[in-house]
Amino acid sequence: VVARAVGGIPELVEDGVTGRLVEERSPEAMAEAVLAILRDDGLAASMAAASARRVRQQFSVERMTSAYRTLYSELLAAGARVIG
């Protein structure tokens, strides 16, 4: 992945590990980053593997449902304190 370092993208892409982040308004930096990855099969494979690991660890269905369960439990507890 080569992406601009804007908004929530830096939370998803770890620069140099799971992809490359470039300046928002720099097509030259975007092109250079894409070419660097295309020219280095080892780098591309390493980033792809790191990305797959990150997705499995951070964005699995189990992790997401657990996070929602925790959030809902906290909200219910807070609501009970307000009402009670």
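## A nonpolar patch on the surface

In this predicted model, eight named side chains deserve a first look: Leu 12, Val 55, Phe 59, Met 64, Tyr 68, Leu 71, Tyr 72 and Leu 75 make a nonpolar surface patch of about 780 Å². Which helix gives the most to the nonpolar patch? That's helix α4, covering residues 61-83, and it supplies five residues.

Take Tyr 72 as an example. You'll find Tyr 72 in helix α4, and it belongs to the patch. Its relative accessibility is 48%, so Tyr 72 counts as partly exposed; the partly exposed class runs between 20% and 50%.

## One salt bridge

How many salt bridges does the structure hold? Just one. The partners are Arg 20 and Asp 15, whose side chains meet with 3.4 Å from N to O. That fits the rule, because a salt bridge needs the nitrogen and the carboxyl oxygen within 4 Å of each other.

Are these two partners buried or exposed, or something in between? Arg 20 has a relative accessible area of 29%, so it is partly exposed. Asp 15 is partly exposed as well, with a value of 43%.

## Val 22 and its contacts

Now look at strand β2, which spans residues 20-22 and is where Val 22 sits. With a relative accessible area of 5%, Val 22 is buried, because anything under 20% goes in that class.

So what is Val 22 in contact with, once neighbours within four places in sequence are left aside? The list is Val 2, Ala 3, Arg 4, Ala 5, Ala 29, Met 30 and Ala 33. Take Ala 3 from that list: it lies 19 residues away from Val 22 along the chain, yet their C-alpha atoms are separated by 6.2 Å.

## Ser 26 in the loop

Follow the chain past β2 and you come to the loop between β2 and α2, where Ser 26 is found. Is Ser 26 buried or exposed? At 14% relative accessibility, Ser 26 counts as buried.

Ser 26 can also be placed relative to Arg 4. The two are 22 residues apart along the chain, and 8.7 Å separates their C-alpha atoms.

## Where two helices pack

Finally, check out helix α2 (residues 27-39) and helix α3 (residues 41-58). They pack with their axes 5 Å apart, at an angle of about 100 degrees. Angles of 65 to 115 degrees count as roughly perpendicular, and α2 and α3 therefore get that description.

Which residues meet here? From α2 come Ala 36, Ile 37, Leu 38 and Arg 39, and from α3 come Asp 41, Leu 43, Ala 44 and Met 47.

Note on methods:
Residues numbered from 1 in each chain as written. Predicted model: local features only at pLDDT ≥ 70, side-chain atom pairs only at ≥ 80, totals over all residues. Heavy atoms only, no water. Buried < 20%, exposed > 50% of the residue type's maximum accessible area, 1.4 Å probe, protein only. Patch = residues over 30% accessible without salt bridge, like charges linked within 9 Å, V, L, I, M, F, W, Y side chains within 5 Å. Areas by Shrake-Rupley, 256 points an atom, 1.4 Å probe, with all protein chains shown as cover. Helix = DSSP H or I, 4+ residues; strand = E, 2+ residues; numbered from the N terminus. Contact = heavy atoms within 4.5 Å. Axes fitted to C-alpha atoms, helices over the stretch in contact; angles between N-to-C directions. Parallel < 35°, antiparallel > 145°, perpendicular 65-115°, else oblique.
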